[in-house]
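Me: I would like to get to know this protein one feature at a time. Please keep it friendly and take it in short questions and answers.

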Amino acid sequence: MLLLLGACGGAGNDVRSITILHTTDLHARFLPDAEGRGGFAYVAAAIKQERAKAPASTIVLHAGDFVQGTPVSSIFEGLPVWEVANHLGIDVNTLGNHEFDYGWRKIPEYLEIAEFPTVTANLVDSDNRLITGEGYVVREINGVRLAIIGAITARLPEITKTEFRGPWRALPVAGTVQRQARELQGDVDLVVVLSHTFDDEDDEVLEQAADVDVVVSGHNHGGQDKVKALNGRPCVKVRAYGRELGKLTLGVDTAKDRIVSYDWARIPITSDAYDPDPEVAKRVDEWESKVSEIVDVPIGRAARQLGSREIRPLIEKVMREAVGADIAYMNRGGIRDRLPAGELLARHVWNVLPFGNSIYVGSFKGGSLPQQLSGISVDPGREYVVATNSFIGDRWIENGFKLEDRGILVRDALIDWIKREKVVGD
């Protein structure tokens, strides 16, 4: 739906149209999912087709999290993903929290591989140096000078291991981008924040950063069904895994440096709607062939499709049995895919559990369990053996609890369990 913001008031030829194509959270999903959605070769084809409609007035943005989610990323620590991403047609990128999953020292390697700029304005060390070198870039699109400021969630410490972050800290998003946008006033026509942030942080940018004109965001995987806007300043976010492409078309009055109209569409990316881009398909095949012998191995079958709500208790059961625990806890955010009905390959479990998390075990009195277990009915005076994954376990240790690493990957434990049981979900 096209939204007109007031009258153009004689601006006439000063109103120019620009299109922002955007995607986010591709998470190394080189191949389409079981429903034929996404896949890097199809993302590239969709971008190419949409850009061809207005090549001089189109820019393509990615809002973070290229890596982590499939075996090719886990085994090669994200490097192939950035290499293939060079061929998607992306013009500007920002960092996501999962770019830290293999340790912060990988990020300079990613930036060296990338043939497109990556900007993050609020990720600094103790000397206020930016990990990406630049916090923004300026591009002229159809006569509109566009500043793209990158940002990452300020909650990075809550969702990333301390040792993986190293010396880098994330400053508050709204305050950082507003300062940068204010400095750019007079030099550009429009300020776009390209962010990998929680929804409430997007709201804060709209509410507190008045010099920001557009927010293109990522991170929550569910995207938005409609534009979020304040005072004619739109915020948009599409679904993850390359399943859709966002298309934000803006009418910009360059005489007044303001948006006079906007229209947003979410374009589904499916294998029956596009022919795969041949160059990207070739590169995907080259990398997937390197991991196929490891992960494309039958391990059992699923009587029906299992979503995250059903997989979570299954993983907790597997962890309990693997280490003889009384209680197990698996965080929902650690489950990244579904198990499809029919034959199960090791690849499916890698996609569900891409993180190399091991099983941690500790002994706890029922009356002093970690807060994540507060809803469980226990005897306060009894001693319980509790299992969790290392991501959660590290946080419990930081809070004073004692746990030990059993050296068993959660992913391997689930694969071995399916091999033994042969059928899940019956």
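**An enclosed helix**

Me: What covers the buried residues of α12?
Reply: Start with the contacts, which are heavy atoms within 4.5 Å. In this predicted model, the cover over the buried residues of α12 includes two helices, α5 (156-159) and α6 (162-165), along with three strands. Those strands are β16 (327-329), β18 (358-365) and β19 (383-389).

Me: What kind of model is this?
Reply: Residues are numbered from 1 along each chain as its sequence is written, and side-chain values use heavy atoms, with hydrogens and water left out. Local features need pLDDT of at least 70, side-chain atom pairs count only at pLDDT 80 or more, and totals for chains, interfaces and linings use all residues in what is a predicted model.

Me: How many of the nine residues of α12 are buried?
Reply: Helices (H or I, at least four residues) and strands (E, at least two) are DSSP runs, numbered from the N terminus. Buried means under 20% relative accessible area, exposed over 50%, and partly exposed in between (1.4 Å probe, protein chains only). In α12, S390, F391, I392, G393, D394, R395 and W396 are buried. Helix α12 (residues 390-398) is largely enclosed by the rest of the structure, because the number of its residues that are buried is seven.

**Two packed helices**

Me: Which residues of α13 are buried?
Reply: Helix α13 covers residues 410-421, and K422, just after it, takes a positive phi of about 75 degrees. Within α13, the buried residues are V410, R411, A413, L414, I415, W417 and I418.

Me: At what angle do α10 and α13 pack?
Reply: Axes are lines fitted to C-alpha atoms, for helices over the stretch in contact, and angles run from 0 to 180 degrees between N-to-C directions. The axes of α10 (residues 308-323) and α13 are 9 Å apart, and the packing angle is about 90 degrees. That value makes α10, relative to α13, roughly perpendicular (65 to 115 degrees; under 35 is roughly parallel, over 145 roughly antiparallel, the rest oblique). So the two helices, roughly perpendicular, pack at about 90 degrees.

Me: Which residues of α13 does α10 meet?
Reply: On the α10 side, look for L314, I315, K317, V318, M319, E321 and A322. Across from them in α13 are V410, A413, L414, W417 and R420.

**The six-stranded sheet**

Me: Which are the edge strands of the open sheet?
Reply: Two strands count as paired if DSSP finds at least two bridges between them. The six strands of the open sheet run in the order β6-β7-β9-β10-β12-β11, with mixed pairing, and neighbours are turned by 20 degrees against each other on average, direction ignored. An edge strand here pairs on one side only, and that describes β6 (136-141) and β11.

Me: Which residue in the turn between β6 and β7 has a positive phi?
Reply: β6 and β7 pair in the antiparallel sense over six bridges, with I141 standing opposite V144 in β7. The two strands form a hairpin with two residues between them. In that turn, a positive phi of about 50 degrees belongs to N142.

Me: What stands opposite V193?
Reply: Strands β9 (residues 190-196) and β10 (residues 214-218) pair in the parallel sense over five bridges. In β10, the residue opposite V193 is V215.

Me: Which strands does helix α8 touch?
Reply: Helix α7 (residues 173-184) lies across β6, β7 (144-152) and β9, and runs at about 155 degrees to β7. Helix α8 (residues 199-208) packs on the sheet too, its direction making about 25 degrees with that of β11. The strands α8 touches are β9, β10, β11 and β12.

**Loops and one serine**

Me: Is N231 buried or exposed?
Reply: N231 sits in the loop between β11 (228-230) and β12 (233-237). Its phi is positive, about 55 degrees, although it is not a glycine. With a relative accessible area of 68%, N231 is exposed.

Me: What is the relative accessible area of D257?
Reply: D257 lies in the loop between β13 (244-253) and β14 (258-268), and its phi is near 50 degrees, positive in a residue other than glycine. A255 is in the loop between β13 and β14 and is exposed, at 55%. D257 is partly exposed, with a relative accessible area of 32%.

Me: Which residues does S74 touch?
Reply: S74 is found in helix α2 (residues 71-76) and is buried, with a relative accessible area of 16%. Leaving out residues up to four places away in sequence, S74 touches Q68, Y102, W350 and P354.

Terms used. Expected span 1.5 Å × (residues − 1).
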